[in-house]
Amino acid sequence: MVRFTVLASGSKGNSAIVSSCPSGARERGSTACTRILIDAGLSCRELFRRMRSVGEDPSTLDAILITHEHQDHINGLAVTARKLGIPVYFTEATHRAWIRQMTPQKRITYAQWAEQYRASKQASGPHPGQPFPQPDPEPDPAPEPDPVPDPAPMSMAQNCEAPAPAFSIGDVAISPFTIPHDAADPVGFVFSAEGVRLAVATDLGYMPPNVQAQLRRCDLIMLESNHDLEMLRDGPYPWSVKQRVLSRVGHLSNDAASAYLEQTYDGSATYLILAHLSESNNLPELARLAAERALTTKPSLLANRLYLASQHEPLEPVCF
Ligand SMILES: [Zn+2]
Ligand SMILES: [Zn+2]
């Protein structure tokens, strides 16, 4: 059985779980299952509380995948990863950006910087600026307390046109794909397990061809439907933030999501989950209406079930 649960979705925190259990394994509490947390945007405590409320045991998680380094996706990461002692997967650039965020800023003179740079050139072994080691399924037992277990970054193509390499965690195959968003190296994911394909595509300014291609033949698509254009234009955000949200590296509007559904979507998903809805610039009814209108344009899409992910409570798990 493959199970997908959105724990939270929106600008105050994002997190979801994909789990794959061979038939009968869940009942036996078997370790044959694979359970992956996608983003850790809630506090660890709230993350664990929501997991338990949907019947997921945090201690059985196998790994954490990070889409990008914005706070609403990594807020609880350090504590959660430390508590569970499981690998965290980032792209290299996202990992570097996250380390920068975690490192207290201090001012140094040019001479001090030059000295540090010379020293780092001479030092052997990995250091900031060098490629990270390849993914390692087991976190290194660190002698010193470390904010997180050894990161296991995904190696990712920077270019939208080049397909990103896929990798596996347990029974779940994972294909990261580049998304247009104002972060260091943001990605969406396609998960494949037991013949089921699930896609997660939120935090993207528009739907480029590579994302549209990834969303083909998926049984479940979690798609951003961030804002209503009029609400955003007339809403409380400062002009610069409005421009950022509207830009091609911002967030997907209800109209953009429904345009994709109407024009390009192949209709293969039994479940469509609208996600990352803005609480200031959207209403669930508006997002739903826009998507429903798009889906009713083609009779073949009427069987698609439409759900809306919420910021404040987990969505009912979807099972295959
Ligand atoms: Zn973001
Ligand atoms: Zn976000």
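Is alanine 173 buried, exposed or partly exposed? I started my notebook with that one. Alanine 173 has 15 C-beta neighbours inside 10 Å, so it counts as partly exposed. I should jot down that this is a predicted model.

**Around alanine 173**

I looked up where alanine 173 sits, and it is in strand β7, residues 172–178. Next I listed what it touches, skipping residues up to four places away in sequence: Ala166, Ser168, Ser192 and Ala193. I also checked it against arginine 197. The two are 24 residues apart in sequence, and their C-alpha atoms are 9.4 Å apart in space.

**The whole chain**

I stepped back for an overview. There are 10 helices and 13 strands in the chain. The chain has 320 residues, and 43% of them are buried. I then looked at contacts between residues at least 6 apart in sequence, and 67% of these join residues at least 24 apart.

**The core**

Which residues touch the most other members of the largest nonpolar core? My notes say Ile64, Met222 and Leu274, in a core of 74 residues. I followed up on methionine 222. Leaving out neighbours within four places in sequence, its contacts are Val6, Ala199, Val200, Ala201, Thr202, Ile273, Ala275 and Ala309.

**Helix α5**

I picked α5, residues 110–122, for a length check. At 1.5 Å a residue, its 13 residues should span 18 Å, and I found the end C-alpha atoms 18 Å apart, which agrees. How many of the 13 residues of α5 are buried? I counted 0, so this helix is hardly covered, given that a buried residue needs 20 or more other C-beta atoms within 10 Å.

**Two positive phi angles**

I went looking for positive phi values outside glycine and wrote down two residues. Arginine 217 has a phi of about 60°, and histidine 276 has one of about 55°. Arginine 217 lies in the loop between α6 (209–214) and β10 (220–224). Histidine 276 is in the loop between β11 (271–275) and α10 (284–295).

Why does arginine 217 count as exposed? I found 11 other C-beta atoms within 10 Å of it, and the cut-off for exposed is 12 or fewer. Histidine 276 has 25 C-beta neighbours inside 10 Å, so I put it down as buried. My last note pairs them up: both residues have a positive phi without being glycine, but arginine 217 is exposed whereas histidine 276 is buried.

Terms used
Residues numbered from 1 in each chain as written. Chains lettered and ligands numbered in written order. Predicted model: local features only at pLDDT ≥ 70, side-chain atom pairs only at ≥ 80, totals over all residues. Helix = DSSP H or I, 4+ residues; strand = E, 2+ residues; numbered from the N terminus. Expected span 1.5 Å × (residues − 1). Core = buried A, V, L, I, M, F, W, Y, C linked by C-beta atoms within 7 Å. Contact = placed C-beta atoms within 7 Å.
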